[in-house]
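Biologist: Could you take a close look at a single part of this model, the aromatic cluster and the helix packing around it, and set it in the context of the whole chain? I would like one connected account, with the reasoning behind each classification spelled out.

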Amino acid sequence: MRYRQEHKQATRQRIIKTAGRRFKEDGIDGSGIAALMKDAGLTNGAFYTHFTSKDDLVATTIADQLEAQNASIVAHAEPGRAGLEQIVRWYLSPWHRDSRDIGCPSAALLDEIGRCTHPTRQAYTEGVLVVADGIAARLAPNDPLSVRTMALSAYAMMAGTLQLARALADPQLADQVLEQGIHNALALLGIEHGYATPRTDPPRTHPSPQAARYT
């Protein structure tokens, strides 16, 4: 019985991980259940063992992606403003720009999430607040709630900058947009350059299964 439960959970996570990649590559509307299950190496019938509907999968996947983003990126950053610069530089790195399928769900899917059902938008809201609160805790450790809106604004600025950099056909111009985005985000957060060593690739260590799923 224990093996069955562990196997079922592993299969569920395989579907979620596959969905996270395909949603970010093809969009939520462009990703059918049949294609998702084929990618996961499973039959269509197996889908309903784990999820009641595609909407259920979307909400679960969005929550999982944001949880993993927080675990692998935000939670790994140093305390204080040095950590904020690490987060900003990682987010607006050329690596992240070129890695849509394993990158931030906000930059890839925000327009579609806004048109999703309430449970999906609620899952997104809860997940993105965890990420924003990790930023806020480094910005104002004694009163993070007082800067939550600022943290969300910085996150939104970074997501929009990343979207634009991905859309540009000129790689040099895209790099310039990312660099200006770093400057803008740090200025919004009241941080001068030089607090942290620039990070241009994903973290090499992952302390949790959630982090491994994200990258």
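**The aromatic cluster and the helices around it**

Modeller: In this predicted model, the chain has 11 helices and zero strands, so that, read from the N terminus on, its elements run α-α-α-α-α-α-α-α-α-α-α. Buried residues make up 47% of the 215 residues in the chain, and, among contacts between residues at least 6 apart in sequence, 73% join residues at least 24 apart.

The part to examine begins with the core. The largest nonpolar core has 56 residues, and those with the most contacts inside it are Phe23, Leu57, Val88, Tyr91, Leu92 and Tyr155. As a general background, nonpolar side chains in soluble globular proteins tend to be buried together. Two of these core residues, Tyr91 and Tyr155, also belong to one aromatic cluster, which they form with Trp90 and Trp95.

The structure holds five aromatic pairs. For Trp90 and Tyr91, the ring centres are 6.2 Å apart and the planes stand at 80 degrees, so this pair is edge-to-face, the cut-off for that class being over 60 degrees. Trp90 is buried, because its relative accessible area is 1%, and Tyr91 is buried as well, with a relative accessible area of 3%, where buried means under 20%. The rings of Trp90 and Trp95 likewise have their centres 6.2 Å apart, but their planes are at 45 degrees, so the pair is tilted. Trp95, at 23% relative accessibility, counts as partly exposed.

Tyr155 ties this cluster to the surrounding helices. Leaving aside its neighbours within four places in sequence, Tyr155 is in contact with Leu66, Gln69, Tyr91, Cys104, Ser106, Tyr124, Val128 and Val131. Tyr155 takes part in the contact of helix 9 with helix 8 and in the contact of helix 9 with helix 7, and these two packings can be taken in turn.

The axes of helix 8 and helix 9 (residues 148–167) come within 8 Å and cross at roughly 110 degrees, which makes helix 8 roughly perpendicular to helix 9. From helix 8 the contact draws on Tyr124, Val128, Leu129, Val131, Ala132, Asp133, Ile135, Ala136 and Leu139, and from helix 9 on Arg148, Met150, Ala151, Leu152 and Tyr155. The residues of this contact divide into 12 nonpolar, no polar and two charged.

Helix 7 (residues 105–113) and helix 9 have axes that come within 8 Å and cross at roughly 90 degrees, so helix 7 is roughly perpendicular to helix 9. Here Ser106, Ala107 and Ala108 in helix 7 meet Tyr155, Ala159, Leu162, Gln163 and Arg166 in helix 9, and the residues involved divide into five nonpolar, two polar and one charged.

Helix 8 (residues 118–139) also packs against helix 5 (residues 80–91), at an angle of about 140 degrees and with the axes 7 Å apart. That makes helix 5 oblique to helix 8, since the roughly antiparallel class needs an angle over 145 degrees. In this contact Gly80, Arg81, Gly83, Leu84 and Ile87 of helix 5 meet Ile135, Arg138 and Leu139 of helix 8, and the residues divide into four nonpolar, two polar and two charged. Ile135 and Leu139 of helix 8 thus appear both in the contact with helix 5 and in the contact with helix 9.

Methods: Residues numbered from 1 in each chain as written. Predicted model: local features only at pLDDT ≥ 70, side-chain atom pairs only at ≥ 80, totals over all residues. Heavy atoms only, no water. Core = buried A, V, L, I, M, F, W, Y, C linked by side-chain atoms within 4.5 Å. Buried < 20%, exposed > 50% of the residue type's maximum accessible area, 1.4 Å probe, protein only. Contact = heavy atoms within 4.5 Å. Phe/Tyr/Trp six-rings, centres within 6.5 Å; stacked < 30°, edge-to-face > 60°. Axes fitted to C-alpha atoms, helices over the stretch in contact; angles between N-to-C directions. Helix = DSSP H or I, 4+ residues; strand = E, 2+ residues; numbered from the N terminus. Parallel < 35°, antiparallel > 145°, perpendicular 65-115°, else oblique. Nonpolar A, V, L, I, M, F, W, Y, C, P; charged D, E, K, R; others polar.
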